[in-house]
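Okay, thanks for coming, everyone. I'll put the sequence and the structure up, and then we'll walk through them together.

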Amino acid sequence: MMNDKQILQSAKLIAQAQVITILTGAGVSKESGVPTFRDALEGLWAQYNPAQLATPSAFKHNPKLVWDWYEWRRDLAGKVSPNAGHYALAELQQLKEHVYIITQNVDDLHEQAGSKDVIHLHGNIATHKCFASCQGEPTLIDISTLKFDKEAGPPACPHCDAHVRPNVVWFQEPLPAKQLNQAAEYTQLCDLMIVIGTSGMVNPAAQLPEIAKMTGAKIIEVNPDDSMITPIADIKLTGASGVVLPKVIEVLDES
Ligand code: OAD
């Protein structure tokens, strides 16, 4: 378990750091009620087979199934609120200059908590685009302007015959180049990376802490369990981000 000494050490590293880059994953939104991907019992992946749902070929094969699943997740993401972990990170951005957030999450809970310029590596579930990117990548489409039967699966793109799809990154797809380049830049720049709520199993996001470490940055990990990142963490804060992060920020604020 995390102890007061580790909290103090973390606050000290944060106080001393010139550039802090934060990488978040599904765990940071768990206390808001968004299931993580790989929790054995309650994660989204436990109920559904990702190979059937989160690939371009799955969408081609069964657009309605994939569309319905993402609409369900979009609906859920639209109902939840940021938790104490998101707010603590937004406060850190207020307390210090040069604090950058990179997230693998497709929700906007960091922004709702007040964080600025969040880099979304895996897209945004609240938005949609043309499956064929007919007007260039991404061809964003506001589905509220389309007339379609919500029970009948994805609507057609207003510019071409292709389906509308969620604006998220699927397996077998490249990450958006601009966001990935920016994430790589902040990873090279930082002297402290805080990795929160990610299993570290999906590349290239999972490589960012490795790169930060190789370029000399310290690594703090916040996670109730061990992850692929744990072996390279200088400090492992074992616990839920909604509990751990406010404690660290409180100590930092007092120092
Ligand atoms: P995972 O579901 O793989 O991992 C979630 C991590 O959060 C685990 O290590 C948990 O131990 C940890 N966790 C659980 N509760 C927590 C809490 N309260 N506070 C902090 N940590 C907690 O999610 P990601 O690593 O984000 O990609 O998954 C990475 C990517 O895999 C996702 O973005 C998604 C998925 O396939 C795409 O869809 C492209």
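So, to warm up: which helix is the place of Leu92? It's helix H7. Before I go on, keep in mind that what you're looking at is a predicted model.

Let's stay with Leu92 for a bit. Its relative accessibility is 1%, and because of that we count Leu92 as buried. And what does Leu92 touch, if you skip the neighbours within four places in sequence? Ile14, Ile22, Val99, Ile194, Ile249 and Leu252. Trp67, on the other hand, is 25 residues from Leu92 in sequence, and the two C-alphas sit 37 Å apart in space.

Now the core. The largest nonpolar core has 26 residues, and Ile14, Ile22 and Ile194 have the most contacts inside it. Quite a few elements give two or more residues to this core: helices H1, H7 and H11, plus strands E1, E2, E7, E8 and E9. Who gives the largest share of this core? That's H11, with five residues.

Apart from that core there's another one, of 19 residues, and Leu23, Tyr186, Cys190 and Ile219 are among them. Cys190 has 4% relative accessibility, so Cys190 counts as buried.

Back to Ile194 for a second. Again leaving out neighbours within four places in sequence, Ile194 is in contact with Ile14, Ile20, Thr21, Ile22, Leu23, Leu92, Ile220 and Val222. Leu23, in that list, is the residue I just named from the 19-residue core.

Right, the ligand. There are 22 residues around it, and the ones that come nearest are Phe37, Arg38, Thr198, Ser199 and Asn223. For polar contacts, Thr198 has a polar side-chain atom 2.6 Å from a ligand oxygen. Glu31 also uses a polar side-chain atom, 3.0 Å from a nitrogen of the ligand. With Ser241, it's a backbone N or O atom, 2.9 Å from a ligand nitrogen. And how much of the ligand does the protein bury? On its own the ligand exposes 790 Å², and the protein buries 94% of that.

Last thing, for anyone thinking about cysteines: how many disulfides do we count? Zero. Take Cys130, which is in no disulfide: the nearest cysteine sulfur belongs to Cys160, 3.6 Å away, and the cut-off for a disulfide is 2.5 Å. Is Cys130 buried or exposed? Its relative accessibility is 0%, so Cys130 counts as buried.

Okay, that's my tour. Over to you.

Key:
Residues are numbered from 1 along each chain as its sequence is written. This is a predicted model: local features need pLDDT of at least 70, side-chain atom pairs count only at pLDDT 80 or more; totals for chains, interfaces and linings use all residues. Side-chain values use heavy atoms; hydrogens and water are left out. A nonpolar core is a set of buried Ala, Val, Leu, Ile, Met, Phe, Trp, Tyr and Cys residues joined through side-chain atoms within 4.5 Å. Buried means under 20% relative accessible area, exposed over 50%, partly exposed in between (1.4 Å probe, protein chains only). Helices (H or I, at least four residues) and strands (E, at least two) are DSSP runs, numbered from the N terminus. Contact means heavy atoms within 4.5 Å. A residue is near a molecule or strand if one of its heavy atoms lies within 4 Å of it. A polar contact is a pair of N or O atoms within 3.5 Å; within protein, one must be able to donate a hydrogen and the other to accept it, and residues adjacent in sequence count only if both atoms are side-chain atoms. Accessible areas come from the Shrake-Rupley method with a 1.4 Å probe; for residues, only the protein chains shown count as cover.
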